[in-house]
Amino acid sequence: MSKETQATDTVQQIDVQATATKVLEEVKTLDLAKLDHFLYDYIIPYGTKIVLAIAIFVFGKYLARIISRLLGRAVLASSKDEMLQSFVTSIAYFLFLLIVVIAALSQLGINTSSLVALIGAAGLAIGLALQNSLQNFAAGVMILIFKPFRKGDFIEAAGASGKVEQMGLLVLELRTGDNKTVLVPNGKVFADSIVNYSRNETRRIDLIFDISYDADIEKAKSIIAKVLFDDENVLNHPEPTIAVGSLAPSSVQLFVRPWVQTSKYASTQFDLLEKVKMEFDKAGIGIPFNQLDLHLPDNVEIVRKA
């Protein structure tokens with residue numbers, strides 16, 4: 001091969017290498033330009049919005065919990081009502097959390113005005129579908145306003161009785177005497193009669209003692225009076241009532257009406273029944289069984305079997 005041919009081949013190789021290097025540099029420049037464009041136009045703006053939206057939601061949720069608890073404590077300090085505190089805390093947390101969600105979505109660039117309108121329409125639809133739940137919610141608000149009972153009271157409402165544990169947005173929680181939990185819808189509680197056994201400091205115990213017609217009524221009354229006088233739980237004012245209340249077919253019924261502290265009601269009632277029965281037995285005053293007089297025609301013979 002001649003020197004001219006070798007020189008020509010060398011020049012061609014140099015041109016090819018230069019062209020390839022130039023093309024590669026242009027490709028790199030083009031990729032970097034696209035990357036910068038994608039980074040500054042999409043990743044940074046939208047990434048910043050997403051991070052801020054997450055921060056708003058997390059911080060807002062934490063702040064909503066703190067504010068709702070503070071409102072609940074303020075309500076408890078002013079009203080001394082733990083049920084009202086629980087109710088206000090739940091409502092406040094839900095409302096603040098809804099505001100936080102709307103703020104986070106607004107940070108993402110979502111049109112919140114349309115979202116609020118959508119929430120309103122959805123709320124209307126849900127309200128129509130959950131009329132009973134809304135009724136229970138409204139009844140719960142009315143109960144908190146009128147306060148027919150407080151936490152710890154023993155009540156009877158909507159066919160259930162028990163100690164008030166707490167009142168939620170929709171149901172009232174009662175604990176029965178045998179430690180069962182009963183959930184009663186607020187709507188039924190407010191629509192029915194409510195009997196609060198714990199509202200007043202004192203209660204009257206209504207007792208009936210049956211004695212036979214042959215027994216000495218005055219003696220029986222004096223025995224009952226002594227039992228009431230010796231019981232430290234029976235109040236002197238108002239004075240207990242002891243009177244003949246009814247002449248039943250099989251017995252004379254003595255109505256006894258002592259007054260006691262509400263907290264001592266059940267225990268005192270049990271004690272009085274036991275003590276009066278024991279004193280009647282000592283005094284020979286019988287408590288008769290039901291009796292029935294049977295009249296037969298004169299021509300009827302009664303055959304006794306051995």
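**Poking at a predicted model**

Me: How far apart are the closest N and O atoms in the salt bridge between D206 and R204?
Reply: This is a predicted model, and D206 forms a salt bridge with R204 in it. A salt bridge needs a nitrogen-to-oxygen distance within 4 Å, and the closest N and O atoms in this pair are separated by 2.8 Å.

Me: Which residue joins R204 and D206 in one network of salt bridges that share partners?
Reply: D206 is partly exposed at 39% relative accessibility, and R204 is partly exposed at 38%. Salt bridges that share partners tie these two into one network, and the other member is R257.

Me: How many salt bridges does a search of the whole structure find?
Reply: One of them pairs K180 with D178, with the closest N and O atoms 3.6 Å apart; K180 is partly exposed, at 48% relative accessible area. Searching the whole structure, the number of salt bridges found is eight.

Me: Which residue forms a salt bridge with E165?
Reply: The closest N and O atoms of this pair are 3.0 Å apart. The link runs from strand β2, where E165 sits, to a partner in strand β3, ten residues apart. E165 is partly exposed at 22% relative accessible area, while its partner is partly exposed at 30%. That partner is R175.

Me: What is the angle between the planes of F154 and Y197?
Reply: A search of the whole structure turns up three aromatic pairs, and F154 with Y197 is a tilted one, 5.9 Å centre to centre. Tilted covers plane angles that are neither under 30 degrees nor over 60. Here the angle is 55°.

Me: How many residues apart in sequence are the parts that the F154 and Y197 pair ties together?
Reply: F154 is partly exposed at 32% relative accessible area, and Y197 is partly exposed at 25%. F154 is in strand β1 and Y197 is in the loop between β5 and β6, so the pair ties together parts whose separation in residues is 43.

Me: Over the ring of which residue does the charged end of R203 sit?
Reply: To sit over a ring, CZ of Arg has to be within 6 Å of the ring centre and within 35 degrees of the ring normal. The charged end of R203 is 3.7 Å from the centre of a ring, and that ring belongs to Y265.

Me: Is N179 buried or exposed?
Reply: N179 has a positive phi of about 65° without being a glycine, and it is found in the loop between β3 and β4. Its relative accessible area is 57%. Exposed means over 50%, so N179 is exposed.

Me: Which peptide bond from H237 is cis?
Reply: Omega is near -5° for this bond. The second residue of the bond has its place in the loop between α6 and β8. The cis bond runs from H237 to P238.

Me: What is the area of the nonpolar surface patch made by I50, I54, F57, V58 and L108?
Reply: I50 lies in helix α1, residues 3-79. Patch residues need over 30% relative accessible area, and I50, which is partly exposed, has 44%. Together with I54, F57, V58 and L108, I50 makes a patch of about 440 Å².

Me: What percentage of the 306 residues in the protein chain is buried?
Reply: The chain has seven helices and ten strands, and its accessible surface comes to about 21,200 Å². Buried means under 20% relative accessible area, and buried residues make up 23%.

Notes: Residues numbered from 1 in each chain as written. Predicted model: local features only at pLDDT ≥ 70, side-chain atom pairs only at ≥ 80, totals over all residues. Heavy atoms only, no water. Patch = residues over 30% accessible without salt bridge, like charges linked within 9 Å, V, L, I, M, F, W, Y side chains within 5 Å. Areas by Shrake-Rupley, 256 points an atom, 1.4 Å probe, with all protein chains shown as cover. Salt bridge = Lys/Arg side-chain N within 4 Å of Asp/Glu carboxyl O. Helix = DSSP H or I, 4+ residues; strand = E, 2+ residues; numbered from the N terminus. Buried < 20%, exposed > 50% of the residue type's maximum accessible area, 1.4 Å probe, protein only. Phe/Tyr/Trp six-rings, centres within 6.5 Å; stacked < 30°, edge-to-face > 60°.
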